[in-house]
Amino acid sequence: MTSRPAIKALACLGASVLVVAGLAACGGSSESGPRQLTFFVAIQPGGTIEETAARCTEESHGRYEVKPELLPNDASQAREQLVRRLGAKDSSIDVIGLDVILTSEFANAGWIEKWSGAEKREATEKVFPSVIETASFEGDLYAAPFNTNTQLLWYRKDLVPNPPATWDETIAAAEKLGRADGGTIQVQAERYEGFSVWANALIESAGTEILSGPEKVDLQQQPTEEALAVMGRLANSSAAPANLSTSNEDTARLGFEAGESAFMTNYTFAYASASEEAPDIAKNMGAAPFPRVNSHPAKPPLGGFNLAVSAYSKNKDLAFEAAACLAGEKSQLTAVELDGLPPSRSDLYSGKDVKKAYPGFAGLVKKSIEAAGPRPTSPAYQDVTSALQRTLHPPDKIDPDDTEPIYDELKSNLEAAVKREGLL
Amino acid sequence: MKHGSREYALWSIAIAAVLVFALIPVLWLISISLKPPSEITDQRFLPQSVSLDNYKSLFEGGFDESPFIHPLINSIVIALITTVIAITLASLTAYAIARLEFPGKRLILAGALAIAMFPPISTVGPLFDMWRALGLYDTYPGLIIPYLTFSLPLAIYVLVAFFREIPWDLEQAAAVDGATPFQAFRKVILPLAAPGVFTAAILVFIFAWNDFVFAISLTSSDASRTVPASLAFFTGESTFTAPTGSIAAAAVVVTIPIIVFVLIFQRRIVAGLTAGAVKG
Amino acid sequence: MEASAPAHPNPPAAAAAGQRSRSERRLAWLLCAPAVIAMLAVTAYPIGYAVVLSLQKLDLRFPDQSEFIGLSNYGTVLSSELWWTDVFNTVFIMLISVAIELVLGMAIALVMHRAIFGRGVIRTSVLIPYGIITVVAAFAWQFAFAPDSGFVNNLPLISDEMDWFGGRFSSFAVIIRAEVWKTTPFMALLLLAGLVTIDGQLYEAAKVDGASAWQRFTRITLPLMKPAILVALLFRTLDAFRVFDTIFIMTRGAQDTESVSILGYNQLISRLNLGLGSAVSVLIFVCVFLIAFVFVKGFGARVQEGRPGG
C-alpha cells in the first residue's frame, strides 16, 4: 500500500528515539572510596544542612561521606516521599531528618532503628525532656534530637504596653484596639497540620490531653470545652483576621509585618523575618509567653526535627555515627546561627549564639520549650490529626457558649480515628 | 474581501474580551514575580516597584546549583520526546482504526479510555515499585513511559476523530491524475491530517509539561526532576516562608517554551485548509 | 491497501477478499501494537494491583495486620456520608465548569477561526492558560482571592473583608473560576480543529438560500462539529470528575469542598490505608466509567465507527 513504507519508517524512528532516550539517561559511574551515606532532609535556606554535612564528612576522617538528598519543604509532601520509599524497603536511605510527629508512626512500622547504649546517652545528653519525648516511642529512643521549635506570643509594644497572659485577655485587648488599628490576632487556622498544633496547644493548656496512650483518647470534658470555647470565641470576634480559615505561619507573619495585627502566635523565626522585611514593626515587636487558657500553666506548641537511622540502611553503624554528629552540639549551634533554629540541648541557651539569634528573648524560648506540650504520640497520628482538623475546621462554627455538641463530636471522631476506622 | 470599519470595531471588542479572559491571571503571575518580598501582600494588581530579584535567584549558581536550570532542561527534553513518540504511535493506531477493518478495534478504544479514566494517584505506588526494580527510577524513560501511557488515549481519540473525516478516496483520485503513491500521500493526505496531528501534539506536550504527580514521585534528583516537581523544593527566607515570588517567576519562565511551541504549531492546524486540497 | 482499483468488475470474490482482509488485519494489529504495549505495560500491573489491594485490609503503618476482607472496604466507603458529600461536590463542580467551558470554548473557537486580524496572537494567547503549570495557576488564583494578599477584594463592588475561602459556595465559585480559566483552552483548541474542517462553500450555499447567521450556526456548524464536540466533552468531563490540584491548593478540601480524588489521596497517602484508598480509587474509576458509558450510548458518540462513507 502506498504509505506502508512511510509508516514503517516512522515506527522505526519511534523505536530508536526511545532507545536513544534510554541510553542518554544511563550513565553515572559508581563511586569508589569512602562510604556514601545519604541524608534525607528538607533543605534549610540558610545553609545549615550543607555545612553540617560537610563538617561531619570531614570529622569522619575518610570513613564516610554525608550526602544530603532533598526532601520537599512541605511537611506532608516530605512525609509522602519518605513513606513511599521506606514502605518499599528502599536501601538507599541512611539518615533521615524526621519531623517530630512522625516518630511513632515510623517506629511502629519498623522503618527506623532504635538507639541504645552510649549513642543513646550521647544523643540525649542535656536535651529537654519534652524534646526527648518527641523522639521516643513506647519508652525507647528512635531518633537523635536535633532542633526543636516553639511558639511565643508576639505583640506590638507600642500598641499594648503590657502583654496579656490568657487568651481571653488577648481577645479583649484586641477588641479594644479595634480592627482598623491592629486589633486582630494572627494564628494558624487553615485546615492543615498547623491547625492541629494550635488546637492541641489549647487543649493541653486547658489541662487535659488528647491521647493518654497510643490508642486511648483522654480529652476530659471540662477543660476541653474551655479550650474549644476559646477557639470559638476568637474565631467569632472582631479580633479574627478576615483570612482566619486559610491562615498559616506565613500569612500570620505577613499580616503582623503589614501592621494589621497587634498580636500573633508564631514560631521563633518571626522576629528574624520582621527584622528583615519590616524593620519598623520589628522595632516595636515584643515577645511574651504563649497565653494560658485558664489557671493551668500554658503548654506552648512543640515542633522540630530529629535524626533517625533507616532500618533498611546498608551502613547502619556508620549511619548512627553520622546521625550523632549531624545532630550533635556543633551542628545545633550551626543551625541556630545560620537558620535561627532552636537547639534541643538546654545548655546551649546560655551561650552567645542563641542569645544573638534571639535578642532579648532567648530565656523565654528556653522556658517555652521546657513547658511545651508535644502533640499526641501514636502510630495513627495522621488519622488523629485528620479527625481533629475535620471536626474543628473552620473554627467559627464553634459556639463558645455551647461547646458540648462539638466536644461530643470531637471525642467520637477521635475514638474512631485511633482505631483507624472509617473514612476520613 | 473588504471589511467595513464597523466589522473591525466589533472584532476588536471580541478579541479584546478573549485576551482579557485569557491573560489577566497571567499578568497577575508576572506581577507577583516582579514584586519585591515586602510588597507581595500589598493587594495591588500592578507592582509598586519592580524588582528582578526573583528571576535572578532562579538562575543563581549556574547549571549545578540553581534549583531551576537543570529541571527546565529536563522538562523540555522529556516533553519533546514524549510528544514525538506519542504522536507517532497514536497516528499509527488511529490510522488503523479509522481506515482498516479488524476485530479488537472497539476493545482498543474502550481500553484506551479505561486507562485514561483511572486515578493516577493509585498507580503511582505500584509504578514506583516497578521502576525501582527495573532501574528506571529517576531516569528520563522513567517519566517518558508513564507520560506516553496516559497521553496516548487522548491522542488516539483526537486522531481517530480527524482521520475519519479525511476523504481517503482523494488518494486514488490523485493516483488517477498521475501522482505516485508517495506524492499522493504527501500532498493530499498529509495536509488534511495536519490539523488533527498538531492539535494532538499540543495536547500531549502540555500534558507532559504540566504533570506533577508522576514527576514528584518517580524522581529523586535533578537527573530527571522536571519543573513542576522542582517547585516543591523552592525555599523562601525560612522554612515557614512561602517562596511566592520565585515560584511565580519560575512559572513565567517556564511558560515561554510553551508560547514558542504553540506559536509554531497553531499555524499548522489551519495549514491544511489553505493547502487547497479540500474538495478539489 | 492496493493502490489501484481491481481491473475486473467482478473480482474472484471469496478468496481475494479473504486474503485482503487477513493482510489488513495483520497490518492493523501491527500498527496498533506499539501503542497498546505502551499503554498496557505501564498500567496493567498498577491497576490490577489496586483492585487486589481494595479487597484487603492493609495499612502500611501496620504491615503485619493485613488480611483479605473481600468487599468490606467498598461497604465502608459507600455507607460513609463523607463519600456521598464528596461525590456531590465533584459532580457539582464538574457539571458547572464543563457547561461554562463548552459555551466559552465554542465562542473562543469561533473568534480564533474567524477573526479578521490578529489570529496568531489570539490562538497563542488562548493556549497560554492551558500551558501554565496547574499547581502554580491554582496558587495564583488563591493568592488573588485571599483577603490579605489579593487584588480581588480591592475591586469596586467587592467587600474588603470578604473571605472567599470561608464559605462553601464562595469557595466553589473560585475553584470553578480557576478550572474554567485553565481548561477552556483545551475545549477551544479541539473545537477549533473541528471548525477548520468545515467546508466554507456550505456557508456560501446557505447564505444564498437566505439562512441567518444563527441558522447557519445551528444547522451547519454544530452538526458537522459533532465528533470534535463529543471528543472534547468526553475527555473534559472525565478529567473534571478527577479534579484534585485546584481544590487541594485552594482549600485542601475544607468548607466541604472536598472532591473524591482528594478523599482517595487522604486515605492512600495520609493514612496509608491502602485497602480503603484503593477501594476509593476503584469506585472513582467506576463513576468515571459510568459517565463515559452515558456519553457513548446516550449522545451517540460514534467515534469508533468504521470506514468513512461506509
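**Exercise 1.** Identify the residue that is the bridge partner of A:Asn147 in β12(A), and describe the pairing of that strand.

*Solution.* The partner of A:Asn147 in β12(A) is A:Phe305. This is a predicted model, in which local features need pLDDT of at least 70, side-chain atom pairs count only at pLDDT 80 or more, and totals for chains, interfaces and linings use all residues. Residues are numbered from 1 along each chain as its sequence is written, chains are lettered from A and ligands numbered from 1 in the order in which they are written, and side-chain values use heavy atoms, without hydrogens and water.

Next, strand β6 (residues 144-156) of chain A pairs with β12(A) in the antiparallel sense over six bridges; pairing requires at least two DSSP bridges, and strands are DSSP runs (E, at least two residues) numbered from the N terminus. Strand β3 (residues 95-99) of chain A also runs antiparallel to β12(A), joined by five bridges, and A:Val95 has A:Val309 as its partner there.

Finally, seven of the eight residues of β12 (residues 302-309) of chain A are buried, that is, under 20% relative accessible area (exposed is over 50%, partly exposed in between; 1.4 Å probe, protein chains only).

**Exercise 2.** Determine which helix gives the most to the largest nonpolar core.

*Solution.* This core, a set of buried Ala, Val, Leu, Ile, Met, Phe, Trp, Tyr and Cys residues joined through side-chain atoms within 4.5 Å, has 203 residues, and B:Phe68, B:Phe163 and C:Trp83 have the most contacts inside it. Helix α7 (residues 140-165) of chain B gives the most, with 17 residues; helices are DSSP runs (H or I, at least four residues).
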